[in-house]
Amino acid sequence: MNPLILGLVLGVVQGISEWVPISSKTQILLVSSFILGLGFASGYAFGLFMEIGTLAAAIIYFRRELYGVILAIFRKGTREDEILLKYLIISTIITGLMGVPIYLFIVNLVKGPIVGIPMMMLGFVLIVDGITIYFTRKSYILKKELFQLTWKDYVIVGLAQGLAALPGVSRSGMTTSALILLGVKPQEAFRLSFLALIPASIGAIGVTLLFSRHAIESTLGLISYDALGISILVATLVSLVLIESLLKFARSNKILLLVFTLGILAIISGSISSITGFG
């Protein structure tokens with residue numbers, strides 16, 4: 001396939017699927033399997049490697065927050081910077097402790113309909129939560145912000161993000177949903193989820209290069225470095241637009257629409273993964 005077209009397709013798929021509750025690994029795996037004939041293991045590793053573009057977008061979009069985190073490392077940041085640093089450190093450590101073992105074992109052990117079950121379960125939980133909000137909306141107000149979260153909340157976010165190493169599970173869907181279920185305001189839930197992506201993606205890319213270098217090199221040989229560069233650029237640009245759009249949607253305070261949308265997309269994503277047997 002023409003490198004330009006291939007790069008555009010991969011970039012658009014990655015740029016959209018990373019930020020909404022549909023597993024980007026599933027979408028990249030499906031596309032790479034259809035276009036390049038990749039097997040499960042290679043497609044799964046390549047799906048994680050393709051987070052380079054979305055990682056770049058998150059770094060660009062949240063550059064001010066990241067600058068504050070760097071200042072906090074040297075004890076020169078504000079109180080909010082220090083709290084954000086603590087949140088990222090704890091959640092990332094928990095993510096790694098859960099996600100790395102899953103990555104090392106899941107590729108060769110889990111395939112078939114089971115891969116979509118976690119996302120479908122998450123979808124149903126969100127639908128039930130939406131129904132609860134509907135019937136108790138006068139007293140049910142999502143109001144928590146970062147400074148109101150505890151280390152236990154950080155651990156829960158890390159666990160949710162670590163589970164996203166499972167085939168068929170969306171990282172953004174898991175972390176955003178976990179934060180909303182913890183009572184965090186929608187806009188803050190999206191922001192904290194997207195910020196947690198940055199160290200998690202760096203780790204995911206590192207793990208794939210460390211343990212799946214041969215699969216990545218073989219895949220790059222099929223798509224060419226030109227197509228890879230185009231896909232990363234497109235994924236970055238698409239991601240920047242989508243991050244802004246999702247944060248605006250979250251600011252609209254249409255919590256019922258937000259929760260039901262997340263739930264429905266999670267169920268659809270899980271169903272696709274189950275039907276295809278891909279993660």
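1. Arg 191 is buried, at 13% relative accessibility; buried here means under 20% relative accessible area, exposed over 50%, and partly exposed in between, with a 1.4 Å probe and protein chains only. Its salt-bridge partner is Glu 188, with the closest N and O atoms 3.0 Å apart. A salt bridge is counted when a side-chain nitrogen of Lys or Arg is within 4 Å of a carboxyl oxygen of Asp or Glu. Glu 188 is buried too, at 10% relative accessibility. Both residues sit in helix H10, three residues apart, which is about one turn of the helix. The pair also belongs to a network of salt bridges that links Glu 65, Glu 80, Glu 188 and Arg 191.

2. Some ground rules before you read further. This is a predicted model, in which local features need pLDDT of at least 70 and side-chain atom pairs count only at pLDDT 80 or more, while totals for chains, interfaces and linings use all residues. Residues are numbered from 1 along each chain as its sequence is written, and side-chain values use heavy atoms, with hydrogens and water left out.

3. How confident is the predictor? The mean pLDDT of the chain is 80, and 75% of the residues reach 70 or more; pLDDT is the predictor's confidence in each residue, on a scale from 0 to 100. Among the elements of the chain, helix H5 (residues 63–73) has the highest mean pLDDT, 96, and helix H3 (residues 40–49) the lowest, 66. Please keep that value for H3 in mind when you look at its residues.

4. On the overall fold, the chain has twelve helices and zero strands. Helices (H or I, at least four residues) and strands (E, at least two) are DSSP runs, numbered from the N terminus. Of the 279 residues, 53% count as buried. Among contacts between residues at least 6 apart in sequence, 83% join residues at least 24 apart, where contact means heavy atoms within 4.5 Å.

5. The structure holds six salt bridges, and two others deserve a look alongside the H10 pair. Glu 18 pairs with Arg 171, with the closest N and O atoms 3.6 Å apart. Glu 18 lies in the loop between helix H1 (3–17) and helix H2 (24–36), and Arg 171 in helix H9 (residues 171–181), so this pair ties together parts that are 153 residues apart in sequence. Glu 18 is buried at 2% relative accessibility, and Arg 171 is buried at 8%.

6. The other one joins Glu 145 to Lys 185, with the closest N and O atoms 3.1 Å apart. Glu 145 is in the loop between helix H7 (117–135) and helix H8 (151–163), and Lys 185 is in the loop between H9 and helix H10 (186–211), 40 residues apart. Here the partners are partly exposed: Glu 145 has a relative accessible area of 29%, and Lys 185 is at 32%.

7. Helix H11 (residues 213–251) is one to inspect on screen. Its 39 residues have end C-alpha atoms only 41 Å apart, whereas a straight helix would reach 57 Å at 1.5 Å a residue; the expected span is 1.5 Å times one less than the number of residues. A kink of about 90° is centred on Ser 224, the bend at a residue being the angle between axes fitted to the seven residues ending there and the seven starting there.

8. Ile 243 is also in H11, and is buried with a relative accessible area of 0%. Leaving aside residues up to four places away in sequence, Ile 243 touches Trp 19, Ala 57, Ala 58, Tyr 61, Phe 62 and Phe 194. The C-alpha atoms of Ile 243 and Phe 194 are separated by 8.3 Å, with their positions 49 residues apart along the chain.

9. For the record, the unreviewed UniProt entry annotates "transmembrane region" at residues 31–62, 83–106, 112–135, 192–211, 223–243 and 255–278. UniProt positions are in the numbering used here, feature names are shortened, and annotations may be inferred rather than shown by experiment. In the model, residues 192–211 are 100% helix and 0% strand, with end C-alpha atoms 28 Å apart. Residues 223–243 are likewise 100% helix and 0% strand, with their ends 27 Å apart by C-alpha atoms.

10. Last, Ile 268 is found in helix H12 (residues 255–276). Ile 268 counts as partly exposed, at 42% relative accessibility. The C-alpha atoms of Ile 268 and Gly 123 are 8.5 Å apart, although the two are 145 residues apart along the chain.
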